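Thanks for coming. I will put the model up and then go through a few places in it.

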Amino acid sequence: MDKLLITGGNRLNGEITVSGAKNAALPILCASLLTADPISLDNVPALKDIGTTQRLLGQMGVRITQDGENSVTLDARHVHTLEAPYDLVKTMRASILVLGPLLTRFGQARVSLPGGCAIGQRPVDQHIKGLAALGAEISIEHGFVVAKASRLKGAVIRTDMVTVTGTENLMMAAVLAEGQTVLENAAREPEITDLAELLIKMGARIQGHGTDRIVIDGVEALHGARHTIVADRIEAGTFLCAVGATGGEIVLRNAAPDTMGAILDKLQEAGMSIECGSDWIRGSMNQRPKAVGFRTYEYPAFPTDMQAQVMALNTIAEGTAVIVENIFENRYMHVQELGRMGAKIDIDGHTAVVTGTSKLSGATVMATDLRASASLVIAGLAAIGDTTIERIYHLDRGYERMEHKLRSVGANIQRIAREQA
Ligand SMILES: CC(=O)N[C@H]1[C@@H](OP(=O)(O)OP(=O)(O)OC[C@H]2O[C@@H](n3ccc(=O)[nH]c3=O)[C@H](O)[C@@H]2O)O[C@H](CO)[C@@H](O)[C@@H]1O
Ligand SMILES: C=C(OP(=O)(O)O)C(=O)O
């Protein structure tokens, strides 16, 4: 397994281009199943999860052409397999997103219950409840969600909690249903808006995306479209945390600062000076960070996917920060590893109390999930001495060439490939 070797202490200075958002690209790739016409996508991040999704779709019969490093065309004219097997689905939560499209276009689907980051139980009961409300016959059999329907019928669906992929799955199912579907208590994440924008280009009739009430009027068929994936707000936030921890100044290009309000507010509170244009962000840090507490909630509040990275920043801050993780019950796996580097963090249930220390010291640590890995990178960049991060395959699920991007702004970071490791 690859490792990352970081020698901490370098200030970061320079420019980084932000990639397309993983969490927008994954549902959008699955949306290609909704039409027999080609869907062309630009700004698709080169990530392990994207490769896994493409393999999954390819196995179903979707023809995929790589048009460039970050551009791809998907043609789902000849889909022959309406199943998502365990071996592909086990590593990736987002694979559940083939369920809605397969069911609504082909009338059946068999999808293994998904895996993904081990950050909590992550059931898919709301996806199932919503599809059942649209008229699907749906059951769990031998670890698979098995669904059948003739044509889905529009309904009012109110999910018990706000769910991102749940909203996406139901929105995709509803676009080809007969009549009107209203999704109440819908998630408002920018990645949902991006998916809705693609679906509208394909001929879907959707209103209210970006709010908690999405209204979808079903159509008979969708057609091809071209779409550019929105910038990854979590990747951008991660790089800003890195410069917050090391000091220096970076400019992020191809960013979407309008999707990052809560993240940028917190970093400013931590002492970072931030300037933004429509698609760029300049972040500079010339002081020790100040401790910043926060609570994770659904968008537009502070995202759970940035919790670990801002916690890493807090470990070297002046003062004490109280963090509350409200979305996932087991998303503090990085705490123990940060502790190996000298961080002082106490956990009580959903609450973490971080007491800043003036210096972390490099250590060998283990990445346990995607954003936990990112937090260890940030800590390693700020620490004294060498840090080795093991099991970075988690990082590769969600960050495109992270070590190259960080090296380009002055970080001392290198990948030790499996054969050398
Ligand atoms: C691929 C993708 O976009 N992943 C993101 C998505 O995950 P994901 O869509 O899996 O997260 P959800 O928004 O669905 O989960 C929110 C909460 O609802 C619970 N829940 C969800 C669905 C359900 O049927 N039943 C249920 O109980 C979950 O366990 C969790 O506690 O949103 C999360 C919350 O912003 C992010 O951390 C993930 O990066
Ligand atoms: C938790 C995440 O991903 P996933 O939902 O794909 O596991 C994430 O992107 O931080």
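By class, the shell around ligand 1 splits into nine nonpolar, nine polar and four charged residues. Keep in mind that this is a predicted model. The residues that come nearest to ligand 1, out of the 22 around it, are Asn23, Gln126, Thr163, Val164 and Thr165. Which helices supply the shell with at least two residues each? They are helix 1, at 22-31, helix 5, at 125-133, and helix 6, at 164-174. In terms of domains, at least three shell residues come from domain 1, which is 3-19 plus 231-416, and at least three from domain 2, which is 22-228.

Next, strand 13, residues 213-217. One face of strand 13, with Ile214 and Ile216, is covered, while the other, with Arg213, Val215 and Asp217, is uncovered. Strand 11, residues 180-184, is joined to strand 13 by five bridges, and the two run antiparallel. Strand 12, residues 205-207, also runs antiparallel to strand 13, with three bridges between them. Val215 is a useful marker here: Val182 has Val215 as its bridge partner, and Gln207 stands opposite Val215 as well. Strand 12 and strand 13 form a hairpin with five residues between the strands, and in that hairpin Gly208 has a positive phi near 90 degrees.

Now to an open sheet. Its four strands come in the order 18-19-21-20, with mixed pairing. Strand 18, at 294-295, and strand 20, at 344-348, are the edge strands, each pairing on one side only. Between strand 18 and strand 19, residues 320-324, there are two bridges, and these strands are parallel. Arg295 has Val324 of strand 19 as its bridge partner. Helix 10, residues 307-315, lies across strand 18, strand 19 and strand 21, the last being 351-355, and it makes an angle of about 30 degrees with strand 21.

Last, one loop residue. Pro257 sits in the loop that links strand 15, at 248-253, to helix 9, at 261-269. Is Pro257 buried or exposed? Pro257 is buried, because 20 other C-beta atoms lie within 10 Å, and 20 or more is the cut-off for that class. If neighbours within four places in sequence are left aside, the contacts of Pro257 are Leu264, Cys276 and Ile281. Pro257 and Ala231 are 26 residues apart in sequence, and their C-alpha atoms are 9.1 Å apart in space.

That is where I will stop.

Terms used
Residues numbered from 1 in each chain as written. Chains lettered and ligands numbered in written order. Predicted model: local features only at pLDDT ≥ 70, side-chain atom pairs only at ≥ 80, totals over all residues. Near = placed C-beta within 6 Å. Nonpolar A, V, L, I, M, F, W, Y, C, P; charged D, E, K, R; others polar. Domains from an automatic or database assignment. Pairing = 2+ DSSP bridges. Contact = placed C-beta atoms within 7 Å. Axes fitted to C-alpha atoms, helices over the stretch in contact; angles between N-to-C directions. Buried ≥ 20, exposed ≤ 12 C-beta atoms within 10 Å, placed from the backbone.
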